[in-house]
Amino acid sequence: MTQQADDELLQLWKDEWSKAGWEPRLIGIEEAMRHPQYAQYNSILDGLPNLKVYDRYCFLRWLAMSVVGGGWMSDYDTFPLHPTLMTDGSSLLPNSGMLTVHEHSKFGGVPDLVSGSAVEFDRVGKALIDNCRLHYQDSFWSDMFAMHDVYVDTVENGRPIYIMSKNVVPGQVVMRQKGISERTCRRTHSKYAIHFSHYAIEFGETASFGVDGTSPEHRPLVAREWLRQWRAECLGKDESGYINGRALAS
């Protein structure tokens, strides 16, 4: 993505979560470096010869989340749909703070919306980085691939390393047809959020949302227009979907 498209997507993420009553907060390398074992785990990542800066930060964000006290972590291409359901009327995290990945796939969790305590982010984050030791010869590795890897291993042992839920709808699932339909409303009912990944833009129908193309650069435009149409068609007149005063990190 270009820097301009990147900035526009990030601003849209901030605006949408703020309108939904959350307090978006950006976390970065500064927070990760405050982790007492940052140097140790960063050196493990040095062993991946083809690791890009973006993917390194995706691993290190788990340590950063443990430093800031845990809570909710969202990718900047994930936007709120029914965020009141995320809190269930209280300040408690889902599943008593156990690490929960809210987008499900047949391989394991997709870490676009994650909740957990500081201890849980620390525990799983270290496991993801430790997993990199097994993939030093791979041409590409990411925290999502590591999440799938460790999930399969721990399920086989009868103790999944994290909880996986179906609270985020993948963008491509609701962009297979033109526009927003009643089917779209049913598919997004009771979902916390929607994830506009690169894959969603590449394989979803985008023309209904003002874009003629499938480039990642189009994500801010597609996300903004999809959310506008979805609110008009799917949200009831008395349903704001908003809450007050919760923090969200990306």
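In the predicted model, the largest pocket encloses about 1,600 Å³ of space. Its lining is made up of 45 residues, among which Tyr54, Cys58, Asp75, Tyr76 and Asp77 are the closest to the centre of the pocket. Two or more lining residues are supplied by each of the elements α1 (3–19), α2 (29–33), α4 (53–67), β5 (110–117), α7 (143–156) and α9 (198–203), and of the contributions to this lining the largest share, seven residues, is that of α4. When the lining of the largest pocket is divided by residue class, 21 residues are counted as nonpolar, 13 as polar and 11 as charged.

Enclosed space was examined alongside the open pocket. Rolling a probe the size of a water molecule over the atoms shows where empty space is left. In this structure two cavities of 30 Å³ or more are found, and the second largest of them holds about 30 Å³ of space. The second largest cavity is lined by Leu48, Pro49, Asn50 and Leu51, together with Asp138, Phe140 and Trp141; by class, its lining comprises five nonpolar residues, one polar residue and one charged residue.

Aromatic contacts were considered next, and 11 aromatic pairs are present in the structure. In one of these, the ring centres of Phe140 and Phe145 are separated by 5.5 Å and the ring planes stand at 90°, so the arrangement is classed as edge-to-face. A second pair brings in Trp141, whose ring has its centre 5.5 Å from that of Phe145, with the two planes at 70°; because planes over 60 degrees apart count as edge-to-face, the pair of Trp141 and Phe145 is also assigned to that class. Phe145 thus takes part in a pair with Phe140 and in another with Trp141, while both Phe140 and Trp141 belong to the lining of the second largest cavity.

The residues of these two pairs were also assessed for solvent accessibility. Phe140 has a relative accessible area of 38% and is partly exposed, and Phe145, with a relative accessible area of 33%, is likewise partly exposed. For Trp141 the relative accessible area is 10%, and because buried means under 20%, this residue is classed as buried.

Elsewhere among the aromatic residues, ring pairs join Trp17, Trp22, Trp72 and Tyr192 into a cluster.

Definitions and conventions:
Residues are numbered from 1 along each chain as its sequence is written. This is a predicted model: local features need pLDDT of at least 70, side-chain atom pairs count only at pLDDT 80 or more; totals for chains, interfaces and linings use all residues. Side-chain values use heavy atoms; hydrogens and water are left out. On a 1 Å grid over the protein atoms alone, a cavity is a set of points where a 1.4 Å probe fits but cannot get out, and a pocket is an open set with protein on both sides within 12 Å along at least five of seven lines; lining residues have an atom within 4 Å of a point. Grid points are joined across faces, edges and corners, and a volume is the space filled by probe spheres set on the points. Helices (H or I, at least four residues) and strands (E, at least two) are DSSP runs, numbered from the N terminus. Ala, Val, Leu, Ile, Met, Phe, Trp, Tyr, Cys and Pro count as nonpolar, Asp, Glu, Lys and Arg as charged, and the others, Gly among them, as polar. Rings of Phe, Tyr and Trp (its six-membered ring) pair if their centres lie within 6.5 Å; planes under 30 degrees apart count as stacked, over 60 as edge-to-face and the rest as tilted. Buried means under 20% relative accessible area, exposed over 50%, partly exposed in between (1.4 Å probe, protein chains only).
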